[in-house]
6 protein chains.
Amino acid sequence: MSRFRLALLNPNTDRRHTVAMRGVALEALPEGSRVTAVNAERGPSSIESEADSVVAAAEVVGLMRSTEPHHAYLIACFGDPGLEAARELTDAPVVGIGEAAYLAAGIVAKRFAVITTLPRGVPALEDALQAHGTGRRCIAVESLNIPVAEQGSHHPDTTPAIVEAGRRLAAEGAEALILACGGMADVARSVERAVGVPVCDGVSFGALLAHAMWRCGLRTSKAGAYGWPEPIAYLNMPDSAPSREG
Amino acid sequence: MSRFRLALLNPNTDRRHTVAMRGVALEALPEGSRVTAVNAERGPSSIESEADSVVAAAEVVGLMRSTEPHHAYLIACFGDPGLEAARELTDAPVVGIGEAAYLAAGIVAKRFAVITTLPRGVPALEDALQAHGTGRRCIAVESLNIPVAEQGSHHPDTTPAIVEAGRRLAAEGAEALILACGGMADVARSVERAVGVPVCDGVSFGALLAHAMWRCGLRTSKAGAYGWPEPIAYLNMPDSAPSREG
Amino acid sequence: MSRFRLALLNPNTDRRHTVAMRGVALEALPEGSRVTAVNAERGPSSIESEADSVVAAAEVVGLMRSTEPHHAYLIACFGDPGLEAARELTDAPVVGIGEAAYLAAGIVAKRFAVITTLPRGVPALEDALQAHGTGRRCIAVESLNIPVAEQGSHHPDTTPAIVEAGRRLAAEGAEALILACGGMADVARSVERAVGVPVCDGVSFGALLAHAMWRCGLRTSKAGAYGWPEPIAYLNMPDSAPSREG
Amino acid sequence: MSRFRLALLNPNTDRRHTVAMRGVALEALPEGSRVTAVNAERGPSSIESEADSVVAAAEVVGLMRSTEPHHAYLIACFGDPGLEAARELTDAPVVGIGEAAYLAAGIVAKRFAVITTLPRGVPALEDALQAHGTGRRCIAVESLNIPVAEQGSHHPDTTPAIVEAGRRLAAEGAEALILACGGMADVARSVERAVGVPVCDGVSFGALLAHAMWRCGLRTSKAGAYGWPEPIAYLNMPDSAPSREG
Amino acid sequence: MSRFRLALLNPNTDRRHTVAMRGVALEALPEGSRVTAVNAERGPSSIESEADSVVAAAEVVGLMRSTEPHHAYLIACFGDPGLEAARELTDAPVVGIGEAAYLAAGIVAKRFAVITTLPRGVPALEDALQAHGTGRRCIAVESLNIPVAEQGSHHPDTTPAIVEAGRRLAAEGAEALILACGGMADVARSVERAVGVPVCDGVSFGALLAHAMWRCGLRTSKAGAYGWPEPIAYLNMPDSAPSREG
Amino acid sequence: MSRFRLALLNPNTDRRHTVAMRGVALEALPEGSRVTAVNAERGPSSIESEADSVVAAAEVVGLMRSTEPHHAYLIACFGDPGLEAARELTDAPVVGIGEAAYLAAGIVAKRFAVITTLPRGVPALEDALQAHGTGRRCIAVESLNIPVAEQGSHHPDTTPAIVEAGRRLAAEGAEALILACGGMADVARSVERAVGVPVCDGVSFGALLAHAMWRCGLRTSKAGAYGWPEPIAYLNMPDSAPSREG
């Protein structure tokens, strides 16, 4: 069997974050795997609002078209912007890191909680959990009131806030935690140690999930909703319908 | 009270359709109302796939930024692309024509059905109905297997297919119909006459709904999910956060 | 087009309240509109219990029969008693003020809260929200423990309790508020100013919603659930089935 | 322990039906039980529309007030009109025959179906099943297109239609049937024999359920939603709030 | 009619508890009823974990096979282990005490709460309520952090903890309480008196519910899910499929 | 990193099937992985009824106790019997093949269908899908009316029935298929080729999912529902609570 080749698409324009997530994916994947990591070339440097998310989703469509075919794709932004559109543009499997984190939490725990950045993002996460079917297992989505830009191991002062929220949620019945921000990924292990419950990181597990799909030959269905896009005329930009070689 | 000024934003690039929808809105609104109708300047000419929809949603963000403030906004594409993002970018009320059609059907009927263009779009519409809370009242989403481009009064050969589907759905318990495609709007009345149940058109009712919101002073909440976007840096394009003058 | 004629039906017997709601509706509607406001001639003067509500619903049926045909009808009690029965008795559109408030809140906010009078009414409101499909968007139904009879601008001492509840709910994530009692309608604007989030009033918006339905020709479906009542014999009172002239 | 005394309240005015249901209840209850059977003195003779149901519900409130206290109450109309209002007006247990039939079906079968009279009633029954929490276990609500007035053993020509519908539903996965019309109750056993799956009759089981509640001392909660009605002034009719002697 | 004969099956091995529950059932049932009470002969003496529950469920299958036919069966452990399997093994009605408590609470109250032993059991109870369809009516499942083994009237020191939890839940809107542990059954009445809301006991009501099913001739459906088990070969133990004499 | 060691637990007693599933898992897993495959030593040779399933679940508890610790566990029966109990008995990740198939289908398709053996099993599968949160995405659970014992590549005459059902479901909107019986696993690829939509096999994907969990260090939470069982006394069999060395 050939070596696994994963395309990691970061919907925002933060190159440093893209590089860091590539490292996380490479470390998780079986030896010899290759990861192509690209990010949007225009749009927001991080995603807090729905307006940011909508712009980023359109960039994902562009990245899918400009990236050569891979064995599998990972949309590496917690809100999974453009995930379903990406599935239309390939017959390889496509995984989102938000979706991956929900699946992982559902296997290690019967009840979990989500920690996010700003209060404004809480309803959208609740809606995503509901649409994903896992809403009933999430006891709370809690925000730190600290933006994406100040998250991560290079902002050591924000980690205690995550730990404090995690301990409070665990006391209320959260058996696992999800950190709903790619920028928090590199503190996941230290939060896990401090709180004492599993902390689910969508980047490493998402990469392995994409690998698992590929290994057993599961490909995106081209019948129905994820079929190749119809040949619609696009004005002032390339058509969305790729050639069917995938 | 000043005259009502509505901005109608068509997320796709089909200018002819934009002009037609402006006419429908003007006819519905109280005399003296003004309607500014704009459409995307890039992207798909009609929306069938999720990839089309995602590109169109990003265009809505751009249109919101480039259009001067109005009393209310109507997103005039049945899938309501970018609707929630648009709400972040103004404190005036914003209505989507899909949402408007669901609300109208819920008032005139206890059970309704939705008729759409291609089978691929059925699951997305089912999900939208579910997210909107009205899924249980919709007995079926049925596709004609005829694309958007061949809908409307200038394609008289497709109307009989809508009528036939409508009659079948009415026999199965649909007390009202929703035509889930802006292109079908101008045959709504003839379908209503032929089938004998109300046919809900999101363009005319959506314009009146936006007017109703404005008349009683209801404005988009700026607390929480629809608050003004955070000031995120955007690469190679204008920032999404508008100045707060709205 | 002829002038809009709305019938406002107050299911309880409080004439003063009926007159006040007529004023609110007239002020909201386009100039030249006419509003016929009637109230129940027997039954409770305000509605707190399910027993009150059930008696009031039967009065709505009587009012529908005794009122001459109008362009649209507004059932002006927050619990929407008799709303679906009223829809059977006309083919004009019928709107409830509770329903109208839920729709308005769903357009201006992603999450809202409801403030009501007595604790006993909370479960019924939760059930109504659930049946309406909007339950997931309501973060809380909170009671003031103050009865209907002590609500409104002529009881200035109760307004601070509404404002205090509103502020607490806004802090917990309510992006808009609904005042679930017609008697609170006339303090809506002052609560909105004090709390800083939109406050949705079902009377003014409901009147405009009914107007919107009429303007675009949407009529209650006579197929299925809202069809004219069957010709059942009624003992000791007029039959419920009206003549079909509507 | 004293002898069980049940009040059976028929919300419609059909005295013959009231007498028949009293017989069914007496036969089901332990020897020595007593059943007081009363019916509405005004309103519809059978219930097909929501307008009929709303009028009947108000009659239930009147019957609760005019009937002397009993050990338990049975609201004997499949739509359970006024059931929750009746619970406010007593601290004895109150059971509805529709509710009873749902509970029985949920014990004898994992999936069931409901057979009703007219198509117009189907959505209301679907909504009642959903509100009751048992919607997912009901595979279909099917109508015979035969009104209440033509149901029952004295209309032997309608029984074959019930049997035919029952067989079709059983073939589609219905493990039990509910006949959603009191008028069908007396053919339940013959339908059961002909179709070969349990047929749940709300009158006999409802009477026994009321008896079971009484035997183990379970009384309607007077805290919260089912508390005694508030002392509201009633115009032109007796107040709904009974004296607290119950 | 012959005298009612109930088989009470305790899935755990605690004989003392079995005897106590038999007494409760006998006291509730009409005079002359007979109760055969058996318990598992192997497995856990009380059930706290899912592992305990799974072992107990298998014991219920064995008890159903080794117990001679009765008029009805009561599975006497709050988690209802093996309830659906038991229904396959007889055509008599089978009731679970957890299920019975939920049904009783749904008749006496619009909102209720559940009190259980250990925090680990809360999610399983929430899931059971959801699967049963009554989840939305339960405002909270609260644990005492006291194991089964220390519950009941012979541990008088734990009753105050139940009363305290009950009062707090009643203040939050619980109109009735369910004690989710057979071991708490004998303090139900004293908790009811102390808290002032109905306390639902699944043993006495479950026995009466089984009696009610039997009295009106309702038997477990043998079509579909609860049909007699297929004749599968069992290794090292008796086959699960009983002879069809039931 | 050490070589991955998976314990595959077959809850039934069919040794041949156990060996076949071990082969499938080994082929899917990265080279060098080891798979210990064990099956129940007592109980049913295949699982069709709930009674079979309940007995098998208890065997899973025994297998968990008698199997030495592994990196991860796969419960290899589509109904996932004993899955949650198994999670209590280890802190390594535990995956079920039914659960795995649902997750895979949710990644490759927006709508899928399930094909199973006997009609009796349909409601239990529908309930499992609902509990898992993916019910809305499954358009149908269809049975072949052919028992487990006649499934698989050594019964070539049953494959055409699967293909025919698959084609019919695909025509109705199923974008992927799940074969809900381990015995069908070895015909999955030929069904996929014949029908033209992805066919999800829980054994191979489940093994890879377990591997993915292990690779990124995700372990079963020991807080709350999946905590180590309480130390309950077991009669006539070993206690369920293992020593805490895991």
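Biologist: Which residue of chain A comes closest to the rotation axis?

Modeller: Gly133(A), with its C-alpha at 2.1 Å. This is a predicted model; local features need pLDDT of at least 70, side-chain atom pairs count only at pLDDT 80 or more, and totals for chains, interfaces and linings use all residues. Residues are numbered from 1 along each chain as its sequence is written, while chains are lettered from A and ligands numbered from 1 in the order in which they are written.

Biologist: What makes the relation of chain A to chain F that of a two-fold axis?

Modeller: Copies are superposed by least squares on the C-alpha atoms of residues with pLDDT of at least 70 in both. A turn of 180° and a shift of 0.0 Å along the axis lay chain A on chain F, with an RMSD of 0.0 Å. Therefore the relation is that of a two-fold axis. The same surface serves both copies, as 100% of the contact residues of chain A recur in chain F.

Biologist: How many residues does the contact take from chain A and from chain F?

Modeller: It takes 38 from chain A and 39 from chain F. Two residues are in contact if their C-beta atoms, placed from the backbone, lie within 7 Å. α8(A) gives the largest share of chain A's side, seven residues. Helices are DSSP runs of H or I with at least four residues, strands are E runs of at least two, and both are numbered from the N terminus.

Biologist: What is the make-up by class of the side of chain A that touches chain F?

Modeller: That side has 24 nonpolar, eight polar and six charged residues. Ala, Val, Leu, Ile, Met, Phe, Trp, Tyr, Cys and Pro count as nonpolar; Asp, Glu, Lys and Arg as charged; the others, Gly among them, as polar.

Biologist: Where do chain A and chain D stand?

Modeller: No contact joins them; their closest C-alpha atoms lie 16 Å apart. Chain B and chain E do not touch either, with nearest C-alpha atoms 16 Å apart.

Biologist: Why is α2(C) called mostly covered?

Modeller: A residue is buried if 20 or more other C-beta atoms lie within 10 Å of its own, exposed if 12 or fewer, and partly exposed in between, with C-beta atoms placed from the backbone. In α2(C), 14 of 17 residues are buried.

Biologist: What span does helix α2 of chain C reach?

Modeller: Residues 50–66 reach 25 Å from first C-alpha to last, close to the 24 Å expected. The expected span is 1.5 Å times one less than the number of residues.
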